[in-house]
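User: Could you take a close look at the nonpolar patch on the surface of this model? I'd like to know what makes it up, and then hear about anything else worth a glance.

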Amino acid sequence: MIKWGRRKGKGIKNKIITIAILQLVFFCLMGTISFHFITAVYEKQVYDESANTLSLTSTVLDEELRKIEQISFQINTDSVIQNYMEGINYEYFGYDVYRTKRLLIDRLNAYYSQEKYISSIHVVDTFGEIYVVGDNRIGQEIDREWTEDMKEAGGANTWQSITDEGVLVSTREMRKMSDLSLVYLGAVIITIDMGDFISGSLNFSPDKSFVIMKDEEIMYTNNMEEGSESQLEPTESSGYQVMDLSGSEYFITSQRSRHSELFYYNILPFDQVTGQTKWLNGLMIFSFILFLAIILLISRSLARAISKPLEELTSKMKHVQEGKFESLGTTDKHSPYDEIGQLHTNFDLMIEKINTLIRENYTKQLIIKETEYRALQAQINPHFLYNTLDSINWLAKMNKQSDISQIAEALGNMMRNIISKKEPLITIDEELDIVRAYMVIQKYRYKERLQFTLEHPENMSAYRIPKLTIQPIIENAIQHSLEEVISVCTIDVNIRCTESKVTISIRDNGVGMDEATIQSIYAGNVKPKRSGIGLYNIIERIHLMFGEAYGLSIESELDKGTTVFITLPNVEE
């Protein structure tokens, strides 16, 4: 059997190794499939993101170019500018013409300041003279082709470019509007510095290129290798494609302008799209080989790490089975913090709780025995004590000493209620009889300095509470409140009963106490004066009888008095 068990143990270890390798292979295969799928999704998202970016870019460009077109249209239809142009075209020389030209320049300056990307505004009269505001003067660039395009547009805006300088040009014929004669008055030309515009409003990354085309003409380009832009082919619709430019592959997305004949291209080196996926593919292959080697090296240690904690747990269980509940030691520091480690921890906690319960039960039994012993001592010949108090009472009555008689009678009733009740629980009415007898004695002692009120519902005989629960607290209030001051001491007792619990409050107007003293009482560090029953003793008795949910709480402030709350379950006869 031993040899068979050993062979079985070796088989388990081998099975663990085999299962681990098979799982690794399975996960690697699934990882490869998932990787290729995710790669395809990633590239598709890159394509879509690039297209969306270009769509957003084209929207921004269209909006800005549309503003330039609106400014061009406003200049073209400005009645003041048309009057100036009509006067200039009518008479080329003279002071009035010179003054009109200055006014025209001032008027153009107002439009020039409307858009920060406008580099210059040109107005050409019928004599071919150019009036310019701004920094970029392109008089030498105005050629016949621009003039023909403006003439074909019939007053509409046309876009031209100076590619070498990165300048986009808005051109438009100006015709007379006042009498609808549409007589030719000149041309309006607005230049845009596309470099400033692209960097200021679109913020392209350095690795991307951007191209604007009109038909087959390159209107603007940036970050492109020289000669590559000439290989771009205009498309009829928006979309994306992979194209070879100057021997390198590029991912190109295109978008047609919504408001003009322009076409926008966003160009990204294709290696940037696929480079990361290739790197991850190589990393995945290397990781598979590395993990396979690690699995082969640690498999035996893994098998031992699984079997050793189980053997230790089995040994602990055998000790418990034999009745040995002493400390069995904690989980070995090399044990794994997994389910087996949790079994060790929970088992140790269970044994510790069993030992705690055994000790608590033993302590409770000692307390019960001690209480019974003290109760037995207190019951030694109680009838002798009763008869003696009765004799004092009758002797006082015979000598007309009513005070002594009432004190002796109250003391007798109080002692009879305390000693004769054998049960740990008595009715609230019986407890209040003890309180009333005690207060009769104290009233004779302190007279007008002690004021006592008792408020409770009728018919309290159905509710049961631990014996000597209220009287010791009243006694404690008298000792700490009345005896330490010279003013009147007021003690109020209030009892409230519900279907589930009984709440008793004892309030005095004495010297009070601070929070540190209250915590010391809870901890049992404050001993009662003389030989009375302390508050901590009452707390412990309630906890032993009813559990931690019930007990005693204290609210107090220095020089403002103290209130003690007792919470008990509703125990009916």
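Analyst: Sure, let's start with the patch. Trp-279, Leu-280, Leu-283, Phe-286, Leu-290, Phe-291, Ile-294, Leu-297 and Ile-298 make up a nonpolar patch on the surface, and together they have about 910 Å² of accessible area. Keep in mind that this is a predicted model.

Take Leu-297 as one of the patch members. Leu-297 sits in helix α6, which covers residues 270-321. Its relative accessibility is 69%, so Leu-297 counts as exposed, the cut-off for that being over 50%.

Now for a couple of backbone spots away from the patch. Lys-447 isn't a glycine, yet its phi is positive, at about 55°. You'll find Lys-447 in the loop that links α10 (428-446) with β12 (450-455). Leu-468 is another non-glycine residue with a positive phi, about 55°. Leu-468 belongs to the loop running between β13 (463-466) and α11 (471-482). With a relative accessible area of 13%, Leu-468 is buried, because buried means under 20%.

Last, the cysteines, in case you're wondering about disulfides. The count comes to 0 disulfides, where a pair would need its cysteine sulfur atoms within 2.5 Å. As for how covered they are, Cys-489 is buried, with a relative accessible area of just 1%, while Cys-497 is partly exposed at 22%.

How values were computed:
Residues are numbered from 1 along each chain as its sequence is written. This is a predicted model: local features need pLDDT of at least 70, side-chain atom pairs count only at pLDDT 80 or more; totals for chains, interfaces and linings use all residues. Side-chain values use heavy atoms; hydrogens and water are left out. Patches are made of residues with over 30% relative accessible area and no salt bridge: like charges are joined within 9 Å, nonpolar side chains (Val, Leu, Ile, Met, Phe, Trp, Tyr) within 5 Å. Accessible areas come from the Shrake-Rupley method with a 1.4 Å probe; for residues, only the protein chains shown count as cover. A salt bridge is a side-chain nitrogen of Lys or Arg within 4 Å of a carboxyl oxygen of Asp or Glu. Helices (H or I, at least four residues) and strands (E, at least two) are DSSP runs, numbered from the N terminus. Buried means under 20% relative accessible area, exposed over 50%, partly exposed in between (1.4 Å probe, protein chains only).
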